[in-house]
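User: I have a structure open here and would like to go through it with you, pockets before anything else. Could you take my questions as they come?

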Amino acid sequence: EQGTPQATVINNKAGKFADLIVNEASKAYHVPMKNVRRSVLFVRDPGYFVMIDKIEAINSQHKYTWRLYLNNRDDSGEIKDITQNHWFFSRPLANLDIYLFSDQKLSTQIGQGYMHGPVRDYSPGGINEGKTGSSIKLEAFNPEKIQSVIYYSVLIPWQKENTAPSVDFMNNKIHVGKDIFTFWEGECIIEKENQTEKYKLW
């Protein structure tokens, strides 16, 4: 049984430090869901992403899977485990640091995925159909069924000659270098350069 593919942008904001877009896709699932909500913050300086995925069923428990597909169509990408919540993806011209945190216990795994062409014709063997291994698939999931989970991910692209900032998560706060993200009651407060700004997530 399938839901109906649909999602709605419910909030967006161009702030002082970051740009925000919030998307809700609860109606895309046949299981009654309260939230399937992704909030994406793009911090313009130095240029990185913080994504918050809130997934909550109305009256049932599930295993929820978070996935990230990394382009590897030319087979020149490589991913390394740094810690249990930090991965390093390298390409010939740039790198990507990936961090993932949650309010629940998670298991993770890396596998082969599909990266389709710019126009997918959905016909097997079509010229735009991705092949196995055309992406590297990073997955995280809660091993025990639960009603809700929140995933916090940080994606930091950087060129070879630069260095990515350090990242940690504790007590509902993410530190990215000197930037601080505090999550409380559906809002995110960013502290940056001795200033603060509030963003509504749910």
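User: Which strand gives the most to the lining of the largest pocket?

Analyst: That is β3, which gives 4 residues to the lining of the largest pocket; please keep in mind that this is a predicted model. At least two lining residues are supplied by each of β3 (33-43), β4 and β5 (65-71).

User: How much space lies in that largest pocket, and which residues are the closest to its centre?

Analyst: The largest pocket holds about 530 Å³ of space, and 18 residues line it, of which Tyr-29, Val-36, Ile-55, Tyr-64 and Thr-65 are the closest to its centre.

User: And what is the lining like by class?

Analyst: The lining of the largest pocket divides into 8 nonpolar, 6 charged and 4 polar residues.

User: Ile-55 caught my eye; what is its bridge partner in β11?

Analyst: Ile-55 has Val-149 as its bridge partner in β11. Strand β4 (residues 48-57) and strand β11 (residues 148-159) run antiparallel, and 8 bridges join them.

User: Where do those two strands sit in the order of the sheet?

Analyst: The open sheet is formed by 8 strands in the order β1-β2-β3-β4-β11-β8-β7-β6, with antiparallel pairing. The edges are taken by β1 (8-14) and β6 (78-83), and because each of these has a single partner strand, one side of each is left without a neighbour in the sheet. From one strand to the next, the twist averages 15 degrees.

User: Back to pockets: what lines the second largest one?

Analyst: The second largest pocket, with about 190 Å³ of space, is lined by residues including Gln-84, Asn-85, Leu-100, Phe-101, Ser-102 and Phe-169. Strand β8 (residues 94-102) gives the most to this lining, with 3 residues, and by class the lining of the second largest pocket has 4 nonpolar, 5 polar and 1 charged.

User: Switching topic, is Glu-197 buried or exposed?

Analyst: Glu-197, whose place is in strand β16 (residues 195-200), has a relative accessibility of 12% and therefore counts as buried, since the cut-off for buried is under 20%.

User: What does its side chain reach at 2.7 Å?

Analyst: At 2.7 Å, the side chain of Glu-197 reaches the backbone nitrogen of Lys-16. A polar atom of the Glu-197 side chain also lies 3.4 Å from the backbone nitrogen of Phe-17.

Technical notes. Residues numbered from 1 in each chain as written. Predicted model: local features only at pLDDT ≥ 70, side-chain atom pairs only at ≥ 80, totals over all residues. Heavy atoms only, no water. Pairing = 2+ DSSP bridges. Axes fitted to C-alpha atoms, helices over the stretch in contact; angles between N-to-C directions. 1 Å grid on protein atoms, 1.4 Å probe; cavity = no way out; pocket = protein on both sides within 12 Å on 5 of 7 lines; lining within 4 Å. Points joined across faces, edges and corners; volume = space filled by probe spheres on them. Nonpolar A, V, L, I, M, F, W, Y, C, P; charged D, E, K, R; others polar. Buried < 20%, exposed > 50% of the residue type's maximum accessible area, 1.4 Å probe, protein only. Polar contact = N/O pair within 3.5 Å; in protein donor to acceptor, adjacent residues only side chain to side chain.
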